[in-house]
Amino acid sequence: MHKWAIQGKGWLGCGLAILLLVSWPAQAQEWAYRVRPGDTLWDVTGAYLKPSIPWQRLQDHNGIANPYALPPGSTLRIPLQWLDSQPARAKVVAVQGSAVTRTTAAGTDAPVTAGMSLGSGALLKTSPDASLSLQFADGSRLLLLGGSELLLDRLTRFGRSGMADTRLRLQRGRIGNEVRRLRGPAANFIVDTPSASSAVRGTQFRVEAGDGRTHTEVLEGRVAVSARNQRGALLRPGFGTVVAMGQAAVTPVKLLPAPDLSRTPSLSQSARPELSWPAVPGAQRYRVQVSERAAFDSLRVDAESDAPAFTLPALGAGRYFVRVRPIDAVGLEGHDAVIQFRIDDQPVPPYSVAPAAASIVRTPEVSLAWTGAPGAIAYDYEVAGTAGYAQPVARARVNDATSTRLPDALPPGEYAWRIRSVDSQGKTGPFGDSLAFTVRPLVEVTAIDGAEAEAGNTREVTFRWPAGQPGQRYRFQMSRTPDFSGPQVDMLVDQPEITLPRLRSGTWYLRAQTIDVDGFEGPFPAPQVIDVPCRLCRIGVGAGALLILLAL
């Protein structure tokens, strides 16, 4: 679409300067102004030159004999240093989520709002789920994604020439740029990162900075990318590059093609549409973005998916635009596929809270919880077992509440549940996500069989208690004190029993807890008390009785 060129600055280095000289003709640091009908030297000087530059210097520089007669269509050569320059401003076009800006003059953070005007030195920060777009003096636009930090390093415009010098510093995060065709040698658009610089002259491109690496992807036009103090490369449309700290050279890499979204329905009856597309060869991940605007200048969704499929979060009824692009093994993002779809007007499902996905319920009594949904006055839930939702194990409507307990206890096993909203007209919306959970009760050991110990077994004693679920273990403890501050026995066993050597006589406190297969430990119940009789005392009592009998 466009060509990009930028004068080198600071650490861009001679490599980038040479690259730019090779890529685009040098302008000898002059701006060529085409004379229009009715123009005079006085008009041109007043409109474009610094007040300190008299019109006579412009006449001498161009060798004009008659200052009163400027032929229309002729060209005036104007040195760049003569042009009048003023600070430019960037306008915030749209904001989604939370973003703040800090200016060097004020030194305090302020929330970013649509319509706000920002000047050089403004530092923009976005929260992880936010996005915002800027429009610069020349009409170029930038989309700043979540978790990013961008410094508006220099914003300058050159009188009425239409030229602007825009220099940005992306400290971290991601940006997408759509730069208008820049005309004139003073027109610049540069994006610096800690490890690279991208200089352009009208194009669509993306830049990401993080972990000492810079990703640059060119969709239209050309971008000159330079590593810090090293040689640069000119990226053509459809190519990208990754530049790391200290990297010696910039190597262009062909971007992956756009995925095929042609089979995605244009109308969804679900508030959370499910997207899927054929896998793109070479893609490791995919980026999915959703906006309410075709320009994608603010995003409702900006997420990554490891598979060629994605379930969108809950969206209200309306029209949306979706774009998906593949991500290769080095993290370069490829070409976009864009579709438009509409979500039908229907009650939005609530957000399911508990049981959470893949959670374990430790009791047979199961409670469901969810958040309130806009416009909903009731909710329908379904709980499915092995037979699925075609034959749910529980189903009911809950009026004006966001939680309920299932009427019947569930036996141990695998289950799933889902819920939908009901509005004041009785219209039901789609079910939300189906969340799988496991019922695996932890049996509380409330009774331990200590009959052998109380009988005074002389060799060994065995304690037994009710078994829990398969695979569960148990911790058994015995103590002389009810607080178990110093237990004499503290052992893990795989079975609901334990055999110990002969116990000393006296009072013992014992208890056991169940430990699930995932390591979750159930509570200790109140301790059980047993009295072990004195064996010698029993022998003495028996001998005394015998002597009494013999004396009779």
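Begin by selecting strand β9, residues 131–135, which is mostly covered, with 4 of its 5 residues buried. The structure on display is a predicted model.

**Around strand β9**

Keep β9 selected and add strand β4, residues 90–96; the two strands pair in the antiparallel sense over 5 bridges. To see one contact of this pairing, select Lys-91, whose bridge partner in β9 is Gln-135.

Next, add β10. This strand pairs with β9 over 4 bridges, again in the antiparallel sense. Here the pair to select is Ser-133 and its bridge partner in β10, Leu-143. The strands β9 and β10 form a hairpin with 5 residues between them, and Gly-139 takes a positive phi near 95° in that hairpin.

Move on to Leu-144, which also has its place in strand β10. Is Leu-144 buried or exposed? Its relative accessible area is 0%, and Leu-144 therefore counts as buried, the cut-off being under 20%. Now add Val-95 to the selection and draw a distance between the C-alpha atoms: Leu-144 and Val-95 are 9.6 Å apart in space, although 49 residues separate them in sequence.

**The second largest pocket**

The next stop is an open space. Rolling a probe the size of a water molecule over the atoms shows where empty space is left. The second largest pocket holds about 540 Å³ of space. Which residues lie closest to its centre? Of the 28 residues in the lining, the closest are Leu-143, Gly-176, Asn-177, Ala-295 and Arg-323. Colour by element to see what surrounds the pocket: two or more lining residues come from each of β10 (141–144), β12 (164–179), β15 (203–210), β16 (213–220) and β26 (318–327). Colouring the lining by class instead gives 11 nonpolar, 6 polar and 11 charged residues.

**The sheet that contains β26**

Strand β26, met in the pocket lining, leads to an open sheet of 5 strands. Select the strands in the order β21-β27-β26-β23-β24, and note that their pairing is mixed. Which strands lie at the edges? They are β21 (267–268) and β24 (301–305), each of which pairs on one side only.

Within this sheet, select β23, residues 285–291, together with β26: the two run antiparallel and are joined by 7 bridges. A place to pause is Arg-287, which stands opposite Arg-325 in β26.

**Aromatic rings**

For the last part of the tour, show the side chains of the aromatic residues. A pair of aromatic rings is described by the distance of the centres and the angle of the planes. The count for this model comes to 12 aromatic pairs. One of them is formed by Tyr-33 and Tyr-48, a tilted pair with 5.3 Å from centre to centre and 50° between the planes. Tyr-33 belongs to strand β1 (residues 30–34) and Tyr-48 to helix α2 (residues 41–48), so this pair ties together parts that are 15 residues apart in sequence. Both Tyr-33 and Tyr-48 are buried.

Then select Phe-463, Trp-465, Tyr-474 and Phe-476, which ring pairs link into a cluster.

Finally, show two places where an arginine lies over a ring. Arg-418 is found over the face of Phe-431, at 4.1 Å from the ring centre. Arg-511 lies over the face of Phe-524, at 4.0 Å from the ring centre.

Definitions and conventions
Residues numbered from 1 in each chain as written. Predicted model: local features only at pLDDT ≥ 70, side-chain atom pairs only at ≥ 80, totals over all residues. Heavy atoms only, no water. Phe/Tyr/Trp six-rings, centres within 6.5 Å; stacked < 30°, edge-to-face > 60°. Buried < 20%, exposed > 50% of the residue type's maximum accessible area, 1.4 Å probe, protein only. Lys NZ or Arg CZ within 6 Å of the ring centre and 35° of its normal. 1 Å grid on protein atoms, 1.4 Å probe; cavity = no way out; pocket = protein on both sides within 12 Å on 5 of 7 lines; lining within 4 Å. Points joined across faces, edges and corners; volume = space filled by probe spheres on them. Nonpolar A, V, L, I, M, F, W, Y, C, P; charged D, E, K, R; others polar. Pairing = 2+ DSSP bridges.
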